[in-house]
Amino acid sequence: MTRTLLAFPIALMLAAPALAQDAPGGLVAHVASADGTDMGSVAAAPTESGVMLLSLFLKGLEPGVRAIHIHETGSCEGPDFASAGGHLANGHDHGVHAGSGPHPGDLPNVHVPDSGEVRLELFAPGVTADMLTDADGAAFVIHAQADDYTGQPAGNAGDRIGCGVFGPAQ
């Protein structure tokens with residue numbers, strides 16, 4: 001029984017592509033802090049079901065729980081990344097506890113270990129490639145605090161500490 005349970009996740013990992021950016025139509029956001037320090041990357045690729053697959057490799061983060069979101073504008077200007085605008089909302093309220101929520105750009109918090117690195121794959125069901133590549137683009141943002149999944153309009157997630165604009169994977 002133990003062998004079966006251990007082999008199943010390993011088989012899934014071996015069958016999955018190395019990164020979502022390797023899939024057809026893949027996009028990538030190179031994430032940096034306000035001072036330009038490389039904080040990793042986030043790859044996004046549509047799956048055959050239409051659900052967006054995000055592959056995160058983040059580094060240099062302080063240990064703890066951090067909110068991550070997709071923001072509505074593909075811009076990471078200024079020390080506070082305010083140019084990224086609000087969350088990719090598509091007419092919804094913020095948070096999984098909201099009556100019309102969540103925003104498509106609402107993603108689960110990440111728990112950063114002592115190493116400061118996060119490697120994670122997750123699905124973003126309400127996000128489409130068109131949303132990430134429309135006329136003003138979209139950005140991936142890391143916040144200083146956890147998202148409370150309730151507070152409007154952004155879950156009381158605190159300052160924006162990292163930002164990257166989605167563009168074609170190369």
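How many bridges join β2 to β3? Seven, and the two strands run antiparallel. The exercises below build outwards from that pair.

This is a predicted model: local features need pLDDT of at least 70, side-chain atom pairs count only at pLDDT 80 or more, and totals for chains, interfaces and linings use all residues. Residues are numbered from 1 along each chain as its sequence is written, and side-chain values use heavy atoms, with hydrogens and water left out.

**Exercise 1. Take stock of the helices and strands.**

Task: state how many helices and strands the protein has, and give their pattern along the sequence.

Solution.
- Step 1. Helices (H or I, at least four residues) and strands (E, at least two) are DSSP runs, numbered from the N terminus.
- Step 2. The protein has two helices and nine strands.
- Step 3. Along the sequence the pattern reads α-β-β-β-β-β-β-β-α-β-β.
- Step 4. Next comes burial. Buried means under 20% relative accessible area, exposed means over 50%, and partly exposed is in between (1.4 Å probe, protein chains only).
- Step 5. Of the 170 residues of the protein, 40% count as buried.
- Step 6. Contact means heavy atoms within 4.5 Å. Among contacts with a separation of 6 or more, 61% come from residues 24 or more positions apart.

**Exercise 2. Lay out the sheet.**

Task: give the order of the strands in the open sheet and name its edge strands.

Solution.
- Step 1. Two strands pair if DSSP finds at least two bridges between them.
- Step 2. Seven strands form the open sheet, in the order β5-β8-β9-β1-β2-β3-β7, with antiparallel pairing.
- Step 3. The edge strands are β5 and β7 (118-124), and each pairs on one side only.
- Step 4. From one strand to the next, the twist averages 20°. For such angles, axes are lines fitted to C-alpha atoms, for helices over the stretch in contact, and angles run from 0 to 180 degrees between N-to-C directions.

**Exercise 3. Walk across the paired strands.**

Task: for the pairs from β8 to β3, find the bridges and a residue that stands opposite another.

Solution.
- Step 1. β8 and β9 pair antiparallel over five bridges. Val141 stands opposite Cys163 in β9, and Ile142 stands opposite Gly162 in β9.
- Step 2. β1 and β9 pair antiparallel over four bridges. Here Ala29 stands opposite Phe166 in β9.
- Step 3. Strand β1 (residues 27-32) pairs antiparallel with β2 over six bridges. His30 stands opposite Ser41 in β2. The hairpin of β1 and β2 has five residues between the strands, and Gly36 in this hairpin takes a positive phi near 90°.
- Step 4. β2 and β3 also form a hairpin, with five residues between them. Gly50 in that turn has a positive phi of about 95°. Ala45 has Leu53 in β3 as its bridge partner.
- Step 5. Look at β2 itself. Seven of its nine residues are buried, so β2 is largely enclosed by the rest of the structure.

**Exercise 4. Find the salt bridge.**

Task: which residue forms a salt bridge with Asp38?

Solution.
- Step 1. A salt bridge is a side-chain nitrogen of Lys or Arg within 4 Å of a carboxyl oxygen of Asp or Glu. By this rule the count is one.
- Step 2. The partner is Lys59, with the closest N and O atoms 3.1 Å apart.
- Step 3. The pair links distant parts of the chain, 21 residues apart: Lys59 is in the loop between β3 (52-58) and β4 (64-66), and Asp38 is in strand β2 (residues 38-46).
- Step 4. Lys59 counts as partly exposed because its relative accessibility is 28%. Asp38, at 45%, also counts as partly exposed.

**Exercise 5. Examine three single residues.**

Task: place Asp147, Phe81 and Gly167 in the structure.

Solution.
- Step 1. Asp147 sits in the loop between β8 (139-143) and β9 (160-168). Asp147 is buried yet has no salt bridge; the nearest side chain of opposite charge, Arg160, is 11 Å away. In that count Lys and Arg are positive and Asp and Glu negative, while His and the chain ends are not counted.
- Step 2. Phe81 lies in the loop between β5 (68-71) and β6 (110-112). Phe81 counts as buried because its relative accessibility is 3%. Its phi is near 55°, a positive value in a residue other than glycine. Most residues other than glycine have a negative phi.
- Step 3. Gly167 is found in strand β9. At 17% relative accessibility, Gly167 counts as buried. Leaving aside neighbours within four places in sequence, Gly167 is in contact with Leu27 and Val28.
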